[in-house]
Amino acid sequence: MKVVSEAPRSLEVPAPAVPEVEERKRRMPWWGWALLAVAVVGAMGFWRARSRPVDPAAAFQTAKVEPRRITTKVTATGTLSALVTVEVGSQVSGRIQELLADFNSEVKKGQVIARLDPQLLNAAVERAKANLVAARASVTKARVSAENSRKQAERSRTLRQQQFISQADLETAEATAETARAEVAAMEGQLAQAQAALSEADVNLRNATIVSPTDGVVISRDVDVGQTVAASLQAPKLFTIAEDLRKMQVHTSVAEADVGRLQAGMTATFTVDAWPGEHFTGTIRQIRNAATTTQNVVTYDAVIDVANTELKLKPGMTANVTIVTAKKDNVLAVPNAALRFRPAATEGAPPEGAAPERAEDGSRVLYVLRPQALSPVPARVRTGLTDGSFTELVEGDLHAGDTIVTGQAATSTGAAATAAPGGMGARPGGMRPPGRGPF
């Protein structure tokens, strides 16, 4: 057996791949590079925003000084009514027998619009006539008696001259004659009373027929057929007649703070709910001195005459009245908010350049953004008319186009945050909050 000995083979150990592994480990993935790029861009943007000059206007709400129309107005509410309104009543008591007019009826002066039951009134007339006849008879009787007494007295005087009767008998005859004459006067007085009673009964009978006292339109009827009206204390109201609905008036309640600005002859406009969007025009006829106090609020009645040719307006409508008291065109004006704005204090100290709101001479102060100025500059002005939103500038170092401050910016948290809305100090609507990642 032949044994062949072979030399042992050497084991080949590959070289360690340490350098290649380390190179792979040091290689950065793509998303890492993306994160690094985003961080670099953000840092550069933040640095540029911090180094950018701060715009003072970004921290404030501003407006421009512009020419505009300023109109001062007085507003009030009122009630429409006819220029002349007549309440038709009854002077006598009785039962309504007939109604010849109704709501919205057009009537003429003297036209019969209602009748009362005349039975009792006719009876009163007949009774007055009978009393008149009796009174006339009494007068006739008294005159006959008086004539007889007069003759008796004359005979007694003749007999006394002839000494046929005593002086006492003569005096008695003369007294009887005087009494008879007085009785005639009394009966004549009763006759006059009877005649007056008959006239009154006739008038009451005529008043049972109700007629219209004027031309107009019936706007109210307060009775029905068969209803009894009593005129013992006051005349009951049967109808309300508007003389002419083509001429109306508005009674407005003007506050005492505004009444001093109104004068007779001023033009007023108003609207009513029945015709939305349509404006009606009238003229102030009178400002009444009688005040009305309601819950400690004092108002005065300004009466406005209104033409109602188209009969659109009706009595009782509520009118929202506007009266222009002054108007100026093309004057420099600022928003009223600019006159109210004051810079905020810092740590309890008054702001730099702050001025009192109103000086002793009546001037006002507002704040202007001047070129190259880092903060608003106070400017003192004199004001004129105001319409509640804008105020006229009468005097002051302001010109058209100047930028004035009306308020603090609602979103400003600092100059840097406002000046760099897209940087680290702000959160635009399209960015995610910090901590949510870049995507």
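Q: Which residue of E18 stands opposite Val334?
A: Thr391 does. The model is a predicted one.

Q: Why are E15 and strand E18 (residues 390-396) called a pair?
A: Pairing needs at least two bridges. E15 and E18 have three bridges, so they pair. The sense is antiparallel.

Q: What makes strand E2 (residues 66-82) a partner of strand E15 (residues 318-335)?
A: 13 bridges join E2 to E15. The cut-off is at least two, so E2 and E15 count as paired. They run antiparallel. Thr71 has Lys327 of E15 as its bridge partner.

Q: How do you know that strand E12 (residues 267-272) pairs with E15?
A: Five bridges link E12 to E15, again in the antiparallel sense. At least two are required, so the pairing holds. Phe270 is matched with Val321 in E15.

Q: What makes E3 and E5 edge strands?
A: Take the open sheet of four strands, ordered E3-E10-E8-E5 with antiparallel pairing. Strand E3 (85-89) and strand E5 (106-107) each have a single partner strand, so one side of each lacks a neighbour in the sheet.

Q: Why does E5 count as paired with strand E8 (residues 216-221)?
A: Two bridges join E5 to E8. At least two are needed, so the pair meets the cut-off. The strands run antiparallel. Glu106 has Val217 in E8 as its bridge partner.

Q: Why is Val40 called partly exposed?
A: Its relative accessible area is 41%. Buried means under 20% and exposed means over 50%, so Val40 falls in between. Val40 sits in helix H2 (residues 30-51).

Q: What makes Val40 eligible for a surface patch?
A: Patch residues need over 30% relative accessible area. Val40 has 41%, so it passes that cut-off. Trp33, Leu36, Val40 and Met44 make a nonpolar surface patch of about 410 Å².

Q: How do you know that residues 170-204 are helical?
A: The span is 100% helix and 0% strand. Its end C-alpha atoms lie 52 Å apart. An unreviewed UniProt entry places the feature "coiled-coil region" at residues 170-204. Such annotations may be inferred, so the label need not rest on experiment.

Q: What fraction of the 439 residues is buried, and how is that decided?
A: Buried residues make up 30% of the protein. Each of them is under 20% relative accessible area.

Q: How many helices and strands does the protein have?
A: There are seven helices and 19 strands. Among contacts between residues at least 6 apart in sequence, 73% join residues at least 24 apart.

Key: Residues numbered from 1 in each chain as written. Predicted model: local features only at pLDDT ≥ 70, side-chain atom pairs only at ≥ 80, totals over all residues. Heavy atoms only, no water. Buried < 20%, exposed > 50% of the residue type's maximum accessible area, 1.4 Å probe, protein only. Contact = heavy atoms within 4.5 Å. Patch = residues over 30% accessible without salt bridge, like charges linked within 9 Å, V, L, I, M, F, W, Y side chains within 5 Å. Areas by Shrake-Rupley, 256 points an atom, 1.4 Å probe, with all protein chains shown as cover. Salt bridge = Lys/Arg side-chain N within 4 Å of Asp/Glu carboxyl O.
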